[in-house]
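The exercises below are to be worked with the sequence and the coordinates at hand. Each task is followed by a solution that goes step by step.

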Amino acid sequence: MTIVQRVHDAFAGHYGRAPLWIASAPGRLNLIGEHTDYNDGFVLSMAIELRTAIAAAPNDTRKIVLHSEVAAETAVIDLSQPLVPEAPGRWLNHPKGVVAGFVAAGHEPRGFDALVGSSVPIGAGLASSAALEAATATLLEGVCGVELDPVRKALLCQQAAQTYAGMPCGIMDPFICILARRDQVLLLDCRSREAVWLAFEDPDVTVLSINTNVKHRLADGAYALRRRQCETAAQALGVRSLREAGLEMLARADGLDHATRGCARHVITEIARTVQAAQCLRERAWAELGQLLDASQESLQRDYGVSCPELDAVVEIARAIGPRGGVFGCRMNGGGFGGCAMALIATSAAAAITQRIGTEYQRRTGIAATVFASRPADGARLSHPQEQGRRG
Ligand code: GLA
């Protein structure tokens, strides 16, 4: 049963009537281009076959009633009250921020009842927050009878994450969750927002996400700190963003502390790797692409300082398997400090690799990893189950 069918049935069970709309949005895996989005760089990213879905139907009030299966609680957004942020860390901030964005844009929704379900693991670096925001925005398009320009919609979701959820994130996650296309990977220029779609449908190659099932508490503060260090570095180099910087420029600069210099070096080299990786993808040069993933991991670990022992363990195990055992490359994914690693592997070796990573990771850390293979999936979608039912 898909998550869309599941929320349909769960809505009917919870509210005693059928939903009118079901919106869903995927999680994402980033092939390469980590911590480059807020530096005006490139990312090479895809949606995965895990989704957050919201089923909804109008009610006769000015309230949005949201029942989350994930949080196992019902929350209310009262549209007759100012839409102020909730306490930090509360899941409701994500949908509430999106509702506030719609209201600010002149699209005031009517009251409705909704049920949220998800197969995207929370806090695993797979953009579960962006999936919830994108699914909410897509649902609100249905409720308000509007269709936003996709870029504007992604920016609205980013704004919700920043101002309501207090996460100073870049544009990668909402862009992928909204724009993604099946069997394609998005090369996004985060400065111009130009999107280039690259086919990724070679059945011999698979992308694995390996969830370490740890999340270190450091994550949010460290993300904001890295952002500030990048800004400091750009300022010291006299450029608008690190996209405009080069390694020679960095070598000539003085007055940068060790950590800030490392951040700049990561961003400059990662942007170059991402452009090269896109070329590898076009040429199906999997071994070369794998080497770029490995180099990205090294840079994130040493220069950017956002890996952690559990991610390092997964990467070490994957590297020990190596290209001869079917692993082209492996690196951490998303913000870091836990969550998922991703590996580019030969499809024929998927079962053996999954087994070996699972066993060795458990032996080393005492934690069970969750391994998941995914093809690039579609972005956010809205469906009208009752119309489909009538047609069907
Ligand atoms: C998080 C943020 C993204 C991006 C990544 C790191 O997922 O939400 O905007 O910065 O970290 O690449």
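**Exercise 1.** How many Å apart do the C-alpha centres of domain 1 and domain 2 lie?

*Solution.* The model is a predicted one, and the starting point is the division of its chain into domain 1 (3–198 + 378–391) and domain 2 (205–374). Taking the C-alpha centre of each domain, one finds that the centres of domain 1 and domain 2 lie 26 Å apart. The contacts between the domains can then be counted: 37 residues of domain 1 are in contact with 44 residues of domain 2.

**Exercise 2.** Determine where the ligand sits, and describe the shell of residues around the ligand by domain and by class.

*Solution.* The ligand is found in the largest pocket. Domain 1 and domain 2 each contribute at least three residues to the shell around the ligand, and among the residues of that shell are Arg 28, His 35, Cys 169, Asp 173 and Tyr 223. Sorted by class, the shell comprises four nonpolar, four polar and four charged residues.

**Exercise 3.** Which polar atoms of Glu 34, Asp 37 and Gly 335 lie close enough to the ligand to count as polar contacts, given a cut-off of 3.5 Å?

*Solution.* For Glu 34, a polar side-chain atom lies 2.6 Å from a ligand oxygen atom, and for Asp 37 a polar side-chain atom likewise lies 2.6 Å from an oxygen atom of the ligand. For Gly 335, a polar backbone atom is 3.4 Å from an oxygen atom of the ligand. As a last step, the protein covers 94% of the 310 Å² of accessible area that the ligand has on its own.

Key:
Residues numbered from 1 in each chain as written. Predicted model: local features only at pLDDT ≥ 70, side-chain atom pairs only at ≥ 80, totals over all residues. Heavy atoms only, no water. Near = heavy atom within 4 Å. Polar contact = N/O pair within 3.5 Å; in protein donor to acceptor, adjacent residues only side chain to side chain. Areas by Shrake-Rupley, 256 points an atom, 1.4 Å probe, with all protein chains shown as cover. 1 Å grid on protein atoms, 1.4 Å probe; cavity = no way out; pocket = protein on both sides within 12 Å on 5 of 7 lines; lining within 4 Å. Sits in = over half its atoms within 2 Å of the grid points. Nonpolar A, V, L, I, M, F, W, Y, C, P; charged D, E, K, R; others polar. Domains from an automatic or database assignment. Contact = heavy atoms within 4.5 Å.
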